[in-house]
Amino acid sequence: MYPVDTIKTRMQMKQGDAFRLSGLYKGCAGSLMGQVPYGVLTFGSYEIYKQALLNKFPNTKPALIYALSAILGDVTGSGWLCPSEVMKQQLQAGIYPSMNEAIKGIWSKSGIGGFYQGFTGGLARDVPFRVAQLTTFEVTKSLYLKAKKGRTGDDTSALSAVEAAVCGAAAGSFSAAITNPLDRIKTLMMTDTTNAYGGSVVACASKILKDEGLGGLFAGVAPRVGYIAPSVCIFFVTYEFVQQKMQKKE
């Protein structure tokens, strides 16, 4: 699905030929180096936070616990993710020809701070996205299992692979679509080498609205949903499977 992400980045940057075949996999290796540990940190800590908060606040609405746990989990992982995201997006945008050149160029221009360009934009996107994604999945799962119990009498608390896929696809599509404005802001902040967008979330959003109107915030929404929904779907199938296996061992 990585080429779809590259197309989305080009569309958000208003590049002329977003669908050109050259460079579709630029930055893929660096992205994997960032995304895999980020996923482990984010979702591993999410489960820890969720269980601790559910035990500490048993009378609090579960949806609130899921949301807070998602925020804490994403903040935990974001420090690792940002440098790889900056390099990935500048490679996708064609600012640098290779990962080595990106590392050298960013370092020589801005030092360590250059690898955290757009960090606030990343947090502004990732925290709402993770809250929407995990909360939507947990709520959808809960509602589905209640409906299933009422219909069949089945009292299981586990989802089958197909059921997890459906709930995951719904969560992924919804969370990807509603956070697209924040994703575009993050993309422009991370690829802004001339400070044209002001260096802050508010300044970037204001410039987009001034230059392009409200529709500008939704540039690239179709490819964003198109690559995130299947990814989230696969993730939650695996997530449920691993969780069920661990619970059986306990």
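**Note on buried cysteines, charged pairs and internal space**

1. Cys204 counts as buried, at 0% relative accessibility. That value, like everything below, comes from a predicted model.

2. How many disulfides does the model contain? The count comes to 0. Cys204 is in no disulfide, and the nearest cysteine sulfur to its own belongs to Cys82, 14 Å away. Cys233 is likewise in no disulfide; its nearest cysteine sulfur is that of Cys167, at 9.8 Å. The cut-off for a disulfide is 2.5 Å between sulfur atoms. Cys233 has a relative accessible area of 17%, so this residue counts as buried.

3. Salt bridges come next. There are 16 in the structure. One of them joins the side chains of Asp5 and Lys8, with an N to O distance of 3.4 Å. Both residues sit in helix H1 (residues 2-12). They are 3 residues apart, about one turn of the helix. Is this pair buried or exposed? Asp5 and Lys8 are both buried.

4. Lys8 has a further partner, Asp183, at 2.8 Å from N to O. Asp183 belongs to helix H7 and Lys8 to helix H1, so this pair ties together parts that are 175 residues apart in sequence. Asp183 counts as buried because its relative accessibility is 0%. Lys8, at 1% relative accessibility, also counts as buried.

5. Asp183 makes a salt bridge with Arg224 too. Their closest N and O atoms are 3.5 Å apart. Which elements does this pair connect? Asp183 lies in helix H7 and Arg224 in helix H9 (residues 221-249), so the bridge ties together parts that are 41 residues apart in sequence. Both Asp183 and Arg224 are buried.

6. These pairs belong to one network. Salt bridges with shared partners join Asp5, Lys8, Glu85, Lys88, Arg125, Asp126, Asp183, Lys186 and Arg224. When viewing the model, start at Asp183: it bridges to Lys8 and to Arg224. From Lys8, go on to Asp5.

7. Now the enclosed space. The structure has 1 cavity of 30 Å³ or more. The volume of the largest cavity is about 50 Å³. Its lining consists of Ser78, Leu81, Cys82, Glu85, Phe119, Gly122, Leu123, Arg125, Asp126, Lys186 and Met190. Glu85, Arg125, Asp126 and Lys186 line the cavity, and the salt-bridge network includes them. Cys82, the cysteine with the sulfur nearest to that of Cys204, is also in the lining.

8. Which helices supply at least two residues each to this lining? They are H3 (62-92), H5 (119-152) and H7 (180-191). H5 gives the most, with 5 residues. By class, the lining of the largest cavity divides into 5 nonpolar, 2 polar and 4 charged residues.

9. Open pockets are a separate matter. The largest pocket holds about 910 Å³ of space. It is lined by 26 residues; those nearest its centre are Ser31, Gln35, Tyr227, Ile228 and Ser231. H1, helix H2 (28-56), H3, H5 and H9 each give two or more residues to this lining. H2 provides the largest share, 8 residues.

10. How does the lining of the largest pocket divide by class? It has 14 nonpolar, 5 polar and 7 charged residues.

11. The second largest pocket has a volume of about 740 Å³. Its lining takes in 25 residues, with Glu47, Lys50, Tyr239, Gln243 and Gln247 nearest the centre. The elements giving two or more residues here are H2, H5 and H9. Which gives the most? H9 does, with 9 residues. The classes in this lining come to 9 nonpolar, 9 polar and 7 charged.

12. Helix H5 recurs across these spaces. It gives the most residues to the lining of the largest cavity. It is among the contributors to the largest pocket and to the second largest pocket. H9 contributes to the largest pocket, leads in the lining of the second largest, and carries Arg224 of the Asp183 pair.

Technical notes: Residues are numbered from 1 along each chain as its sequence is written. This is a predicted model: local features need pLDDT of at least 70, side-chain atom pairs count only at pLDDT 80 or more; totals for chains, interfaces and linings use all residues. Side-chain values use heavy atoms; hydrogens and water are left out. On a 1 Å grid over the protein atoms alone, a cavity is a set of points where a 1.4 Å probe fits but cannot get out, and a pocket is an open set with protein on both sides within 12 Å along at least five of seven lines; lining residues have an atom within 4 Å of a point. Grid points are joined across faces, edges and corners, and a volume is the space filled by probe spheres set on the points. Helices (H or I, at least four residues) and strands (E, at least two) are DSSP runs, numbered from the N terminus. Ala, Val, Leu, Ile, Met, Phe, Trp, Tyr, Cys and Pro count as nonpolar, Asp, Glu, Lys and Arg as charged, and the others, Gly among them, as polar. Buried means under 20% relative accessible area, exposed over 50%, partly exposed in between (1.4 Å probe, protein chains only). A salt bridge is a side-chain nitrogen of Lys or Arg within 4 Å of a carboxyl oxygen of Asp or Glu.
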